[in-house]
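Q: Could you show me, one feature after another, how a student should read a protein model?

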Amino acid sequence: KNRLPVFALKPAPVQVTYLGYPTTTGLPAMDYRLTDAIVDPEGEDRWYSERLLRLPDTMWCYRPHERLPAVAPPPCLSNGYVTFGSLNHAAKLSPQVIELWARLLKLLPEARLIATRIRGERAQEKLRKDLERLGVAAGRAELHDVRARETIGELFSRIDIGLDPFPYGGTTTTCDLLWMGVPLVSLSGKTTPSRSGASLLNAVGLGELVARTAE
């Protein structure tokens, strides 16, 4: 369900890939890839069939959804505890992600976690059991199924700090969170998809929220 065979036939004299897929197309016929120096640092070119063109500030282009609500005060001011949030696709929540988030929740015994796009009751129950096995009571995690982007806005006002999954980080979700005034912590890794959070945070002047190690 893509048009790569068209590009493979080289219908244009110069072909450029950008934004939709976070790594190489693998096509010798694709001439360039637009990126930036954080997502693809110098020396990473060898992993690409394309020539990398690093934009001077950031590779990202974002348009906020028109139905996103107004920015709200951090909920911790009224709750008395911090609420972490992940609005990313559940496929990005690897066992290593869940383990690290459980460590974080155990360090902050009053903290809560909101996670969305956990499809179906069976998947939600499995995640609750995984957290319980790691020492986090099931009642501290509020899990939601897939929700339309225009209806997810009310959750933003209930999150204090976003958590970026790894090694495949968020992009649109991260932009939405930052647009709504919600800070996000991202663990930067060794691959292009694992550095999207670092690139976005640096682009908005929040490079201090980029972690280099799990600790």
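Q: Where does Val39 lie in the chain?
A: A residue is placed by naming the helix, strand or loop that holds it. In this predicted model, Val39 lies in the loop that runs between β2 (32-36) and β3 (51-55).

Q: Is Val39 buried or exposed?
A: The idea is to look at the relative accessible area, and a residue counts as buried when that value is under 20%. Val39 has a relative accessible area of 2%, and therefore it is buried.

Q: Which residues is Val39 in contact with, leaving aside its neighbours within four places in sequence?
A: Setting those neighbours aside, Val39 is in contact with Arg33, Met59, Trp60, Thr192, Arg195, Ser196 and Ser199. For a separation across the model, take Val39 and Asp130, which are 91 residues apart in sequence and 31 Å apart in space, counted from C-alpha to C-alpha.

Q: Ser196 is among the contacts of Val39; what is the place of Ser196?
A: Ser196 belongs to helix α7, which covers residues 196-203. Its relative accessible area is 3%, so Ser196 is buried. Apart from its neighbours within four places in sequence, Ser196 is in contact with Val39, Trp60, Gly169, Gly170 and Thr171.

Q: Which backbone oxygen does the side chain of Ser196 reach?
A: Here one looks at the distance between two particular atoms. The side chain of Ser196 reaches the backbone oxygen of Gly170 at 3.2 Å.

Q: How many residues of α7 are buried?
A: For a whole helix, one asks the question of burial residue by residue. In α7, 6 of the 8 residues are buried, and the helix is thus described as mostly covered. The buried residues are Ser196, Gly197, Ala198, Ser199, Leu200 and Leu201.

Q: What covers the buried residues of α7?
A: The cover includes β2, α6 (172-179), β8 (184-187) and β9 (210-211). Beyond the helix, α7 is followed by Gly205, whose phi is positive, near 80 degrees.

Q: Which residues have a positive phi although they are not glycines?
A: Backbone angles are read one residue at a time, and two cases can be given here. Leu19 has a positive phi of about 75 degrees although it is not a glycine, and Leu19 lies in the loop between β1 (16-17) and β2. Arg117, also not a glycine, has a positive phi of about 65 degrees and lies in the loop between β5 (112-115) and α4 (121-133).

Q: What are the relative accessible areas of Leu19 and Arg117?
A: Partly exposed is the class between buried, under 20%, and exposed, over 50%. Leu19, with a relative accessible area of 34%, is therefore partly exposed, and Arg117, with 30%, is partly exposed as well.

Q: Which residues does a cis peptide bond join?
A: For a peptide bond, the angle to read is omega. A cis peptide bond joins Phe166 and Pro167, with omega at about 5 degrees, and Pro167 lies in the loop between β7 (161-163) and α6.

Q: How many helices and strands does the protein chain have, and what is its radius of gyration?
A: The protein chain has 7 helices and 9 strands. With 215 residues, a compact globule would have a radius of gyration near 17 Å, and because the protein chain has 19 Å, the two values agree. Of the 215 residues, 40% count as buried, and the C-alpha atoms fill a box of roughly 60 × 35 × 35 Å along the principal axes.

Key. Residues are numbered from 1 along each chain as its sequence is written. This is a predicted model: local features need pLDDT of at least 70, side-chain atom pairs count only at pLDDT 80 or more; totals for chains, interfaces and linings use all residues. Side-chain values use heavy atoms; hydrogens and water are left out. Helices (H or I, at least four residues) and strands (E, at least two) are DSSP runs, numbered from the N terminus. Buried means under 20% relative accessible area, exposed over 50%, partly exposed in between (1.4 Å probe, protein chains only). A polar contact is a pair of N or O atoms within 3.5 Å; within protein, one must be able to donate a hydrogen and the other to accept it, and residues adjacent in sequence count only if both atoms are side-chain atoms. Contact means heavy atoms within 4.5 Å. The radius of gyration is taken over C-alpha atoms; the globule rule is 2.2 Å times the number of residues to the power 0.38.
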